[in-house]
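Okay, thanks for making the time, everyone. I'd like to walk you through one model, going from pockets to cores to a few odd backbone spots. Have a look at it first.

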Amino acid sequence: MNIVEKYGGTSVGSIEQIQAIAKHVKEMREAGHTLIVVASAMGGMTNKLIDLASQVSDHINTRELDSLLSTGEQRTITLLAMAIDALGIPAISLTGYQCGFITSHHHAHARIKDIDLTNVKKHLEEGKVVVVAGFQGVTEHGEITTLGRGGSDTTAVALAAKLGWACHIYTDVNGIYTIDPRLYPKAKRLKEVNYQEMMQMACLGSGVLETRSVELASKYQVPLYLGKALEGSKKKGTWIMEHTKQLEDMPITGLSVKDDYAIMRISHIENDGVFLGKLFQMIADLNINLDTISQQLDDEGKANFSFYCTEEQSRMIMENMDKVGQNYPITRMLGFIKLSLVGLGISTHSGIASKVLNTLRENNIPYYMITSSEISISLTIDAQDKEKAIQVLGKAFDL
């Protein structure tokens, strides 16, 4: 079987763990499998590098920061390739550039434009295990870039998609749960989940898989498995796939939580589209994807516009408002989270929205903006009510 395996930072946090992965790679090769291994920086390394940069300057140049952060993965893959080679299995480490990852120019959150697999295929044909640095690539002009939060997941799935292989993502948790078990200990592990549901859960705050990686898996039908690293034949993870065996009496698959939520409001705007066109262009230039967007007209025919984003994104937007031109007052409100119930059955089971709202009301938890789609219902609440809301909704929907 041809497999791209990805190991997160907590799975490669020590030399002992790296050697254990090398032993696993040897066993997989002896069983007849062909492997590419994608690795993140060793646990905590990225934060250490960011801290070093912050000691140099309060205003960090994102180009230089990408160059610095890319060294974390390079250290891991070199050590892992050495450990595999020491067991008699030929291996070679490749940076994002050497692996052929061509990205957009957006430093700190670049997107993959293409992968030139010429070098990778050459080494595979020579019988080597290819060990790839996750999270990074280069622009067409050779500038080092990083892919943003969870970028190693995206690296692994992109390689699997390009090669037509399966992808196994290994981390420190043994699968995907209905709710983050650190927030709700009674949460249930899912044996399998639909691409659509997983994409929604990831987008709405489930931190186990990066949204772009699930999107790629869905688009290219990559068989995707998530489980705990080095659990051997006792695999108890979660398969993400197109069709699952979920019964119709399970309208809710999971509850996702998105912290660090800001509400931005701009009032009394001329409803001619000029200001909003400039605003959205500025936001696009910052490579920011907004969350919920809402517009209402007042009695004078003027528009009241609001949108949600992270607190850091809201700061970036405030700092660049002078580029928009018109000087409309903008309000920035912090201290919110978003709770989202996700499930393919939401659109076909009546009464779910009323059950959510009544559960929160009965427990004196105020809620603000409510949005829904065919497979999700989301509510914004005060951050201080997070733990209570998770407990009562988890119990109400038997998650």
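Before the pocket, one bit of bookkeeping: when I sort residues by class, Ala, Val, Leu, Ile, Met, Phe, Trp, Tyr, Cys and Pro count as nonpolar, Asp, Glu, Lys and Arg as charged, and the others, Gly among them, as polar. And please keep in mind that this is a predicted model.

So, with those classes, what does the lining of the second largest pocket look like? It splits into 6 nonpolar, 1 polar and 7 charged residues. The volume of that pocket comes out at about 380 Å³. Its lining has 14 residues, and the ones closest to the centre are Ile 112, Lys 113, Ala 158, Leu 216 and Tyr 220. As for elements, β5 (112–115), α6 and α8 each give two or more residues to this lining. Which of them gives the most? That's α8, with 5 residues.

Now for enclosed space. Rolling a probe the size of a water molecule over the atoms shows where empty space is left. Searching the whole structure turns up 1 cavity of 30 Å³ or more, and its volume is about 30 Å³. Around it you'll find Thr 292, Tyr 308, Lys 338, Met 369, Thr 371, Ser 378, Leu 379 and Thr 380. Two strands, β19 (367–373) and β20 (376–382), supply two or more lining residues each, and β20 gives the most, with 3. By class, that lining has 3 nonpolar, 4 polar and 1 charged residues.

On to the packing. The largest nonpolar core holds 38 residues, and Ile 36, Leu 159, Ile 176, Met 198, Leu 209 and Ile 240 have the most contacts inside it. Quite a few elements supply at least two residues of this core, including β2 (34–39), α5 (118–125), α6 (151–163), α7 (195–203) and α8 (211–220). The top contributor is α6, with 7 residues. There's also a second, separate core of 25 residues, and Ile 3, Val 37, Ala 91 and Ala 229 are among them.

Let me stay with Met 198 for a second. What does Met 198 touch once we skip its neighbours within four places in sequence? The list is Ile 176, Val 193, Ser 206, Leu 209, Val 214 and Ile 240.

Met 198 is also one of the buried residues of α7, along with Tyr 195, Glu 197, Met 201 and Ala 202. Looking down the axis of α7, those buried residues fall within an arc of 165°, so they line one face of the helix. Covering them is a mix that includes β10 (176–177), β12 (192–194), α8, β14 (238–241), β15 (254–269) and β18 (330–342).

A quick reminder for the helix wheel fans: an α-helix has 3.6 residues a turn, so residues three or four places apart point the same way.

Then compare α5. Its buried residues are Val 120, His 123 and Leu 124. Their arc around the axis is only 100°, which puts them on the same side of α5. They pack against β2, β3 (91–94), α4 (96–99) and β6. Turned away from that buried side, the face of α5 carries the exposed residues Thr 118 and Glu 125. Just after α5, Gly 127 takes a positive phi of about 85°.

Speaking of positive phi, which residues other than glycine have it? One is Gln 221, with phi near 55°, sitting in the loop between α8 and β13. Is Gln 221 buried or partly exposed? It's partly exposed, at a relative accessible area of 42%. Another is Asp 398, again with phi near 55°, in the segment after α12 (386–396). At 55% relative accessibility, Asp 398 counts as exposed, because the cut-off for exposed is over 50%.

Last stop, Ala 187. This residue is in the loop between β10 and β11 (189–190). Is Ala 187 buried or exposed? Buried, with a relative accessible area of 10%. Setting aside residues up to four places away in sequence, Ala 187 touches Tyr 177, Thr 178, Ile 179, Pro 181 and Leu 399. Its C-alpha is separated by 9.8 Å from that of Ile 176, 11 residues apart along the chain.

That's my tour, happy to rotate the view for anyone.

Key:
Residues numbered from 1 in each chain as written. Predicted model: local features only at pLDDT ≥ 70, side-chain atom pairs only at ≥ 80, totals over all residues. Heavy atoms only, no water. 1 Å grid on protein atoms, 1.4 Å probe; cavity = no way out; pocket = protein on both sides within 12 Å on 5 of 7 lines; lining within 4 Å. Points joined across faces, edges and corners; volume = space filled by probe spheres on them. Helix = DSSP H or I, 4+ residues; strand = E, 2+ residues; numbered from the N terminus. Core = buried A, V, L, I, M, F, W, Y, C linked by side-chain atoms within 4.5 Å. Buried < 20%, exposed > 50% of the residue type's maximum accessible area, 1.4 Å probe, protein only. Contact = heavy atoms within 4.5 Å. Arc of directions from axis to C-beta.
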